[in-house]
Amino acid sequence: MQQIRTRPLGAEELVDLDAYWRAANYLSVGQIYLLDNPLLSEPLRAEHLKPRLLGHWGTTPGLNLIYAHLNRVIRQRELSMLYVTGPGHGGPALVANTWLEGSWTAAYPTTTRDAAGMARLFKQFSFPGGIPSHVAADVPGSINEGGELGYSLSHAYGAAADNPDLVVACVVGDGEAETGPLATSWHANKFLNPAADGAVLPILHLNGYKIANPTLLARIGDDELTALFRGYGYEPCLVAGSEPADVHQALAAALDHCLDRIAEIQREARSAAATPARPGWPMIMLRTPKGWTGPRTVDGDQIEDTWRSHQVPLSGVRTDDDHRRQLESWLRSYRPEELFDADGRPVERLLAQVPRAELRMGSSPHANGGLLTRDLVLPAVAEYAVPVKSPGVEDGEPTKAFGVYLRDAFELNAPYRNLRLFGPDETESNRLNAVYAATGKAWLADRKPTDEHLAPDGRVLEVLSEHLCQGWLEGYLLTGRHGVFSSYEAFVHIVDSMVNQHAKWLKTINRLEWRRPIPSLNYLLTSHVWRQDHNGFSHQDPGFIDHVVNKKAEVVRVYLPPDANTLLSTMDHCLQTRNQINVVVAGKQPQPSWLSWEAAALHCARGIGVWDFASNDDGDPDVVLACAGDVPTMETLAAVSLLREHLPDLRIRVVNVVDLMRLQGATEHPHGLPDAEFDALFTTDKPVIFAYHGYPWLIHRLTYRRAGHDNLHVRGYIEEGTTTTPFDMVVQNNLDRYHLAMDVIDRVPALRTRAVRARQYFADQRTRHHAYVREHGEDLPEVRDWRWSDDLGQ
């Protein structure tokens, strides 16, 4: 593996850089252990120490080392740099460095850069009412939630996209590198355009151990490691050692080499008239001991350079005098009297290592993306509406209509390069291919004549890894840009855990005044559970909605637009929101268009409402038929037409739900309906038959506090069906029109005896369907050709 043998640091520069590193290490250890006596102005006593020792030391000295060296190159080269850290629980390092450089105090003015501020800094760490042990949203300069591993590199590449002057230094822990999301993320270099994007400098930190085991990449040998990363398309450069002076020189030389190479790659790509070629991007392999500069042995066991240094090396400092003496010796080994003056302020030689304010990594506006967010220039959405002369008579293709809208959004925002579409190889399948008239698919790898729509500067990012798509998009949003993630509904579950972390990030930044709101995370889920014409059981799972609604109400929104015009209105709204996770589920197949543009816009603004064209209740219904989702809406309207035909005196109210969170109470969700409005829509004493897109118990959960909940009967997906016809899917899950009509007869007391013949007919139709579909392979003609008729409303 390549090693740079130069020694670029002069004697004084080496001493000063090492002093900065020692100061960051001292502050990091202080956060883990100290409750008081931050400058060791007196011998350590038990009461100076935290009663609960929480934190992770093992990765911290390496993160501090890299931060110190990045400060050097930022100062020398006037770089705009973002620092993304992947190793789990590296919080002490980032907190220490941002306090040293002044970014922490800028965000939290009461935590001053003096002894009192240092004491506050130490106490808050992993302490009730304080901050977590990982690099959370509370930490200035961060965009990566370090509590869960695997997302750092995809975040880094997302941040670099469309940021041509930004360098993202991404530290990947060798434990983190074993995760699936991270392993896939190495391929993101094939999509980075050196002519228009920024650069990512991966730094693989090989300190050898996880919590209790060695790491794979630290034990496979340099030849195999080199081959692996050259195969990924990188030019690895090794920095290894345990002697601080030598490591300082080697890391400085490697950073200079890598940044020179990045500048060369970008200069060539930006000056050439030809299509930029895919370069071999540089990366650094940093091999240093885990827990470096900490206790070497404790109670006879080796600590430094083993898994034992991962968390708290000295665990008995409050009760064990020897542990306490070791801790004090460890802290004093950094010579704090040389680093801080009598008042606890960093000495001038440390402050001289800090870049000017606007270039400090803790103060980077890219890490507080709302500072850089520019509102999208969106087309006039009404111009893309599907004409609807009469409800349900003609079909529309919802995602196809949205694709045309999105095409023009790309064109309008092309000068600002702040909008991207992400998805796992499904843009064409999901009927969004109109966007290719405005932009291509980002691609820097080899191309063949048969390829279509590939372009180095494409704004569509497709790779068959939902993890990478999600991470890219999160990095893009967190740095202030906008995007949409389009996926098959069943497979978006792959990123469940990533959604958790992003939701927690959003919840946290909502309480941080210095964090500015960022564009929302927008999902468009299609190829959904109810249309499995050529897919099977494996493609059926509407439960992502259930997963998302577990998150804080202030963060999540779920929309189920029933046709093309409501989808257009919903997506236009979502692209303008901030600090939210918007989940939109819509079919891509031709389906009835129910609402004109004006009606759709009003309906979406309400989020829920009575469909007068399908209702005949005159304010006093016998039954309420509710629906949420495109297929449930169609089956509900078909059930209404059957009931009107067979039971013309039945008073029916149809309620359609676009915004699912309207079902919750106003005290539970910002979009929740007040009880009086809910009761007016659904009544408190009449049966409600609810046809729902997903698992039926979610509707019960959202409405369990409502007065009429005992009257609510929900039909939805119950894990039945495989590759079959559209109507057979709903029949197998008892969501079909005939079953809904039978539910009405069963739930309206006055119908139980006088509607016997009608019920028998509906049951017989289900039996006929079963035989017909298995003989002919398609749905009954009266189902397949059904259309809503206005005559039914007379």
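Which residue in β20 is the bridge partner of valine 610? In this predicted model, the partner is valine 655. The two residues belong to a pairing between β18 and strand β20 (residues 652-657), which run antiparallel and are joined by three bridges. That pairing is a good place to start looking at the sheet around it.

The sheet in question is open and has five strands, in the order β18-β20-β19-β21-β22, with mixed pairing. Its edges are formed by β18 (608-610) and β22 (712-715); each has a single partner strand, so one side of each is left without a neighbour in the sheet. On average, neighbouring strands here are turned by 20° against each other, direction ignored. Helix α23 (residues 737-747) packs on this sheet, where it touches β19 (623-628), β21 (688-692) and β22. The direction of α23 makes about 160° with that of β21.

Another open sheet of five strands follows the order β1-β2-β3-β5-β4, and here the pairing is parallel. Strands β1 (80-85) and β4 (234-240) take the edge positions, and since each pairs with a single strand, one side of each is left without a neighbour in the sheet. The average turn between neighbouring strands is 20°, again with direction ignored. At one edge, β4 pairs with strand β5 (residues 281-287) in the parallel sense over seven bridges. Within this pairing, tyrosine 234 has tryptophan 281 in β5 as its bridge partner. Helix α9 (residues 244-271) packs on the sheet and touches β1, β2 (166-173), β3 (199-205), β4 and β5, with its direction at about 165° to that of β5.

Turning to helix packing, helix α17 (residues 564-574) meets helix α18 (residues 597-606) at an angle of about 50°, and their axes are 9 Å apart. This angle makes α17 oblique to α18. The crossing of the two helices is right-handed. On the α17 side, the contact involves Asn565, Thr566, Leu568, Ser569 and Thr570, which meet Trp597, Ala600, Ala601, His603 and Cys604 of α18. Sorted by class, the contact between α17 and α18 has five nonpolar, five polar and no charged residues.

Charged side chains do pair elsewhere: a search of the whole structure finds 46 salt bridges. One of them joins the side chains of aspartate 162 and arginine 417, at 2.9 Å from N to O. Aspartate 162 sits in the loop between α6 (152-160) and β2, and arginine 417 in the loop between α13 (398-412) and β9 (419-423), so this pair ties together parts that are 255 residues apart in sequence.

Terms used:
Residues numbered from 1 in each chain as written. Predicted model: local features only at pLDDT ≥ 70, side-chain atom pairs only at ≥ 80, totals over all residues. Heavy atoms only, no water. Axes fitted to C-alpha atoms, helices over the stretch in contact; angles between N-to-C directions. Helix = DSSP H or I, 4+ residues; strand = E, 2+ residues; numbered from the N terminus. Parallel < 35°, antiparallel > 145°, perpendicular 65-115°, else oblique. Left-handed = near helix turned anticlockwise from the far one by under 90°. Contact = heavy atoms within 4.5 Å. Nonpolar A, V, L, I, M, F, W, Y, C, P; charged D, E, K, R; others polar. Pairing = 2+ DSSP bridges. Salt bridge = Lys/Arg side-chain N within 4 Å of Asp/Glu carboxyl O.
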